[in-house]
Number of protein chains: 2
Amino acid sequence: MTAAEIPEVVINRLPVYVRALALLELEHRDVVSSQELGRELSVTPAQIRKDLSYFGRFGKQGRGYNVQHLLDTLRTILGLDRSWKMALIGAGRLGQAILSYGGFGPQGFHVVKAFDSNPALIGRREGEIVIEDVQDLGASLQRDPVDIGIVAVPGHIAQTVIDVLVANGVRAVLNYAPIAVRVPTGVQLRQIDPVLSLQSMTYFLKQGGLTQSGDLPQLEAEASGA
Amino acid sequence: MTAAEIPEVVINRLPVYVRALALLELEHRDVVSSQELGRELSVTPAQIRKDLSYFGRFGKQGRGYNVQHLLDTLRTILGLDRSWKMALIGAGRLGQAILSYGGFGPQGFHVVKAFDSNPALIGRREGEIVIEDVQDLGASLQRDPVDIGIVAVPGHIAQTVIDVLVANGVRAVLNYAPIAVRVPTGVQLRQIDPVLSLQSMTYFLKQGGLTQSGDLPQLEAEASGA
DNA sequence: GTATGTGAACTCTTTCACAGCC
DNA sequence: GGCTGTGAAAGAGTTCACATAC
């Protein structure tokens with residue numbers, strides 16, 4: 001009930017906090033203040049405190065936050081205290097790169113199935129898994145469901161693939177296809193789209209000298225006043 | 001001067017419009033309305049019109065927007081009417097995948113240099129380019145500048161690499177390293193971070209039945225009323 | 001002294017709704 | 001009839017500033 005009113009932007013920032021806290025944990029830091037965390041992440045301390053306040057009171061006045069406790073709590077809130085099964089659709093060049101990416105496993109995300117339409121790839125073994133025919137995607141998910149779908153197929157097929165995923169119970173999709181897809185309400189969708197990122201940066205590059213050689217590049221001024 | 005007041009969120013949406021318009025152009029569509037474009041992109045028509053209005057008046061009342069003209073205009077605004085040089089730092093597994101990704105070139109983005117610290121990789125030819133020693137990054141950029149840096153190195157080196165890039169005139173960075181980095185004001189930074197995306201989706205997955213099997217998954221209801 | 005937690009103020013975005021034009 | 005362009009209104013999100021607690 002409270003959960004329903006938490007802004008989505010806040011949820012999206014929590015993983016960033018988790019990552020910073022995990023680093024502090026490695027350094028055996030006991031306590032961290034919103035100010036220090038904010039400096040680390042280029043976020044205002046007020047924002048961190050406000051974000052956390054949606055979920056409870058985790059800090060101690062005069063001290064800050066207990067790193068271990070806050071980390072555990074945020075992980076639980078985000079559901080990072082368990083492991084998640086993922087299916088990869090598209091085992092071409094990009095798909096292979098995703099399969100061999102070492103960053104998912106340690107965070108509890110596991111690709112347990114992969115699919116392609118290319119006969120040359122179907123049946124091939126990639127590490128622990130065997131690439132299945134994308135024709136069997138629906139049936140395979142019915143037999144053995146996953147939590148998340150990773151879409152790495154060409155743009156013109158992406159929407160169809162996602163429709164099949166959703167029809168077979170997948171409620172979260174990470175889409176690498178460079179296309180705007182639609183999903184029903186209640187289904188989570190995230191785009192990984194480097195080209196869009198590049199294409200917005202060029203706007204600012206074009207603006208040229210504005211911030212370039214004119215004024216000195218400086219880190220966020222730290223108003224040390226109050 | 002007007003440009004200075006344009007919200008960044010607006011700029012970030014323009015590439016999405018460009019992509020949709022490019023598709024319509026392929027289909028030889030002459031004209032499109034904000035309503036149709038909005039349906040395609042899951043964006044409200046009002047938002048599209050408002051966004052475009054920051055840059056001028058491109059539409060014709062009663063008809064809509066000329067696809068070709070709007071596409072050309074947006075490309076010019078974003079600086080997509082020229083080509084951009086990029087340097088890749090980190091030519092390991094992820095870097096290789098980025099090098100062989102076919103989606104940059106057609107959009108005018110070209111990796112013209114690549115760097116690594118691994119002696120086994122330095123000097124190796126990858127397509128058109130030869131991998132250089134990351135020690136020479138600064139000197140190489142001085143000789144032959146690039147517009148954009150793509151960072152695909154391990155997290156603990158990313159900040160250092162980015163500092164070198166910035167010190168040598170790079171004003172836009174696409175960072176694949178899973179870490180929060182800092183750049184001076186005036187330098188554009190975009191993160192490509194699939195793990196963060198996954199970690200925010202799990203929050204909603206955890207919420208479970210709320211939108212799952214309860215109410216029927218449906219596309220954004222189209223209020224056909226007014 | 002130091003730092004949290006939080007209403008209130010402020011700023012930024014989105015949406016509305018309609019005049020104006022095709 | 002249909003659709004744009006845009007002030008005005010509404011809604012979100014961020015920051016302030018201070019009472020409260022350690």
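# Reading contacts in a predicted protein–DNA model

Tutor: In this structure, which is a predicted model, the contact between the two protein chains takes 69 residues from chain A and 69 residues from chain B.

Student: How should I read the extent of such a contact, and what is the area buried between chain A and chain B?

Tutor: The size of an interface is often given as the accessible area lost when the parts come together. Here the area buried between chain A and chain B is about 6,400 Å², and carbon and sulfur atoms give 66% of that area. On the side of chain A, the residues that lose the most area to chain B are Arg19(A), Arg171(A) and Tyr203(A), which together account for 12% of what that side buries.

Student: How many salt bridges and how many residue pairs in polar contact does the rule find across the interface of chain A and chain B?

Tutor: Across this interface the rule finds four salt bridges, and it also finds 16 residue pairs in polar contact, with both residues at pLDDT 80 or more. In one salt bridge Glu40(B) pairs with Arg182(A), where the closest N and O atoms are 3.9 Å apart. The side of chain A that touches chain B draws two or more residues from each of several elements, including H1, helix H2 (34-41), helix H4 (67-78) and helix H8 (194-206) of chain A. H8(A) gives the most to that side, with 13 residues. By class, the side of chain A that touches chain B has 38 nonpolar, 19 polar and 12 charged residues.

Student: Turning to the salt bridges more widely, how many does a search of the whole structure find over all chains?

Tutor: The search finds 18 salt bridges over all chains. One of the pairs in chain A joins Arg29(A) to Glu36(A), with the closest N and O atoms 2.8 Å apart. To place such a pair, one can also look at the accessibility of each partner: Arg29(A) is partly exposed, with a relative accessible area of 30%, and Glu36(A) likewise counts as partly exposed, at 25% relative accessibility.

Student: Which parts of chain A does the pair of Asp144(A) and Lys113(A) tie together?

Tutor: The side chains of Asp144(A) and Lys113(A) meet in a salt bridge, with an N to O distance of 3.6 Å. Asp144(A) lies in the loop between helix H6 (137-143) and strand E8 (148-151) of chain A, whereas Lys113(A) lies in strand E5 (residues 109-116) of chain A, so the pair ties together parts that are 31 residues apart in sequence. Their accessibility can be read alongside this: Asp144(A) is partly exposed, with a relative accessible area of 31%, while Lys113(A) is buried, with a relative accessible area of 5%. A network of salt bridges links Lys113(A) and Asp144(A) with Lys85(A).

Student: Where is Ser140(A) placed, and which residues does Ser140(A) touch, not counting those up to four places away in sequence?

Tutor: Ser140(A) is in helix H6 of chain A, and this residue is buried, with a relative accessible area of 0%. With residues up to four places away in sequence left out, Ser140(A) touches Lys113(A), Phe115(A) and Glu132(A). The side chain of Ser140(A) makes a polar contact of 2.6 Å with the side chain of Lys113(A). Glu132(A) in turn meets Arg143(A) in a salt bridge between their side chains, at 4.0 Å from N to O. That pair links distant parts of the chain, with Glu132(A) in strand E7 (residues 129-133) and Arg143(A) in helix H6 of chain A, 11 residues apart. At 62% relative accessibility, Arg143(A) counts as exposed.

Student: Finally, how many residues surround DNA strand D, and which are the closest?

Tutor: There are 22 residues around DNA strand D, and the closest are Ser34(B), Arg49(B), Arg57(B), Gly59(B) and Tyr65(B). By class, the surface near the strand has four nonpolar, 10 polar and eight charged residues. Of the atoms of DNA strand D within 4 Å of the protein, 61% belong to sugar or phosphate and the rest to bases.

Student: What distances separate phosphate oxygens of DNA strand D from the side chains of Arg13(A) and Tyr65(B)?

Tutor: A polar side-chain atom of Arg13(A) lies 2.9 Å from a phosphate oxygen of DNA strand D, and an N or O atom in the side chain of Tyr65(B) is 2.7 Å from a phosphate oxygen of that strand.

Technical notes: Residues are numbered from 1 along each chain as its sequence is written. Chains are lettered from A and ligands numbered from 1 in the order in which they are written. This is a predicted model: local features need pLDDT of at least 70, side-chain atom pairs count only at pLDDT 80 or more; totals for chains, interfaces and linings use all residues. Side-chain values use heavy atoms; hydrogens and water are left out. A residue is near a molecule or strand if one of its heavy atoms lies within 4 Å of it. A polar contact is a pair of N or O atoms within 3.5 Å; within protein, one must be able to donate a hydrogen and the other to accept it, and residues adjacent in sequence count only if both atoms are side-chain atoms. Ala, Val, Leu, Ile, Met, Phe, Trp, Tyr, Cys and Pro count as nonpolar, Asp, Glu, Lys and Arg as charged, and the others, Gly among them, as polar. Buried means under 20% relative accessible area, exposed over 50%, partly exposed in between (1.4 Å probe, protein chains only). Helices (H or I, at least four residues) and strands (E, at least two) are DSSP runs, numbered from the N terminus. Contact means heavy atoms within 4.5 Å. Buried area is the accessible area (1.4 Å probe) that two parts lose on being put together, summed over both.
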